[in-house]
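Ready for a few structure exercises? Have a look at the model below, try each task yourself, and then read the worked solution.

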Amino acid sequence: MTIRINVAKSAGFCFGVKRALTIALDTAKKSSDVVMLGDVVHNEDVVREVLGSGIKKIKSLSKSSDKTLLIRAHGAASNTYRKAKSRGFAIVDATCPMVTEIHEIAKKCEANGYQVIVIGDKKHDEVLGIVGQLKKKALVIDGIKTIDPAQLKKYKKAAVVVQSTQNLQKTQKIVDKLSKHIKDLIFHNTICRPTQTKQEEIQKMPLKNDLMVIIGSKTSANTKRLYELSKSLNKKTFWIQSQQNLKLSWFKSVKSVGITAGASTPDKTTKSVVSQIKKLIKQVS
Ligand code: SF4
C-alpha cells in the first residue's frame with residue numbers, strides 16, 4: 001500500500017525568523033561580545049545554533065562597555081532600548097518588521113486617544129514588547145472568557161491590535177464581543193501574513209489526510225496553535241519536536257500523512273521527520 005506524504009507549503013521558518021537568524025549570525029561574525037535577552041526564537045535547535053555562534057543569553061541588562069545587544073524577532077519594550085543605550089550597549093535590532101508595524105499601529109492609536117487592547121498571550125515576549133511600547137497601560141485579552149464587561153465600560157473608544165501569531169477565528173469572536181461593549185472600537189487585524197497562510201493550510205490539511213504531524217518546540221506559541229487547530233479537525237494529530245518522537249504505530253492503516261511545522265522550526269528538522277516517516281511507512285506496509 002502506498003501512503004502519501006503531504007508537506008504544507010508554509011511549513012517551517014517564516015520570513016521574520018529567517019531574517020532574525022541571519023542578522024544574529026552575521027552580528028556574531030562581526031562582533032565578539034553579543035548578548036540577547038532570552039532566546040532568539042522559540043526553538044531549541046535554532047537557539048543552540050545561535051549560542052554556538054558565540055552569542056550569549058542574558059537575563060537582564062547590567063552595565064556594559066563594548067557589548068552588542070541583539071533584539072529578538074519578537075521585539076522589545078521601549079524601556080529595553082532606553083536602558084541598553086544608557087548602559088552602553090550597541091543595539092542590533094532583529095525585530096520582525098511585521099511586529100514593528102504592530103508597535104507603530106498601537107502607538108498611533110494611543111496618540112489619537114484610543115485605549116489600546118492587545119489580543120494575545122499575556123506573558124509572550126511579543127505581547128510584552130507591544131505593551132511596553134505604549135505610554136498608558138494597555139489591556140491584554142488572552143481569551144473570550146477573560147473579558148470583563150465592567151472594565152470595558154470605562155473605555156469610550158478603543159483600538160484592538162493582535163499578537164502576530166494568534167488564531168483569526170478566536171480573535172474575531174473576541175472582537176465581536178468587545179464591539180458589544182465599546183461603541184467606538186477599531187479593529188486592526190495584525191495577524192501576520194505568514195501566520196494566516198499557515199492557518200489557511202491547517203484548516204484544509206487535517207481534513208484531507210488520515211494523520212497529521214505538527215513539528216515544533218513545545219515552547220512555540222504558533223506551533224501550539226497549529227496543533228490545536230489540526231487536532232480540532234483530525235483527532236489523529238501528533239505534535240512532535242523531532243523525528244525521535246515519531247511512533248511506528250501511528251502509521252498503521254493510514255493512507256495519507258499531512259505534515260506542517262511552526263514558524264521557528266528549521267527545514268532540516270522537517271526534512272529529517274519526513275525521511276524517518278518514509279522509513280516507518282516501509283516498515284508498516
Ligand atoms: S510569525 Fe509573523 S510576525 Fe512573527 S516573526 Fe514570523 S513573520 Fe514575523
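**Exercise 1. Find out how far apart in sequence the contacting residues of the protein chain are, and how its fold is built.**

Step 1. This is a predicted model. Take the contacts between residues at least 6 apart in sequence: 76% of them join residues at least 24 apart.

Step 2. Now look at the secondary structure, which comes to 11 helices and 12 strands. The radius of gyration of the chain is 21 Å, close to the 19 Å that the globule rule gives for 285 residues, so the chain is as compact as a globular protein of that length.

Step 3. Add the extent: along its principal axes, the C-alpha trace spans about 65 × 55 × 25 Å.

**Exercise 2. Describe the largest nonpolar core and say which strand gives the most to it.**

Step 1. Start with burial: 42% of the 285 residues count as buried. As a reminder, nonpolar side chains in soluble globular proteins tend to be buried together.

Step 2. The largest nonpolar core holds 49 residues, and those touching the most other members are Ala 20, Val 40, Val 116, Ile 117, Val 118 and Val 161. Strand 8 (residues 157–162) gives the most to this core, with 5 residues. Both domain 2 (15–96) and domain 3 (98–191) supply at least three residues to this core.

Step 3. Zoom in on Val 161. Leaving aside neighbours within four places in sequence, its contacts include Ile 102, Ile 105, Val 116 and Val 118.

Step 4. Don't stop there: a second, separate core has 22 residues, among them Trp 239 and Val 273.

**Exercise 3. Work out how domain 1 and domain 3 touch.**

Step 1. Set the bounds: domain 1 covers 4–12 + 195–284, and domain 3 covers 98–191. Their C-alpha centres lie 31 Å apart.

Step 2. Count the contact: 7 residues come from domain 1 and 7 residues from domain 3.

Step 3. On the domain 1 side, helix 8 and helix 10 (221–233) each give two or more residues, and helix 10 gives the most, with 4 residues. By class, this side has 2 nonpolar, 4 polar and 1 charged residues.

**Exercise 4. Which residues are closest to the ligand?**

Step 1. Of the 15 residues that surround the ligand, the closest are Cys 14, Gly 16, Cys 96, Ser 164 and Cys 192.

Step 2. Helix 1 (15–30), helix 4 (97–111) and helix 8 (193–202) each supply at least two residues of the shell. The largest share, 3 residues, comes from helix 1.

Step 3. Finally, sort the shell by class: 10 nonpolar, 5 polar and no charged residues.

Terms used:
Residues numbered from 1 in each chain as written. Predicted model: local features only at pLDDT ≥ 70, side-chain atom pairs only at ≥ 80, totals over all residues. Near = placed C-beta within 6 Å. Nonpolar A, V, L, I, M, F, W, Y, C, P; charged D, E, K, R; others polar. Rg over C-alpha atoms; globule rule 2.2 N^0.38 Å. Buried ≥ 20, exposed ≤ 12 C-beta atoms within 10 Å, placed from the backbone. Contact = placed C-beta atoms within 7 Å. Core = buried A, V, L, I, M, F, W, Y, C linked by C-beta atoms within 7 Å. Domains from an automatic or database assignment.
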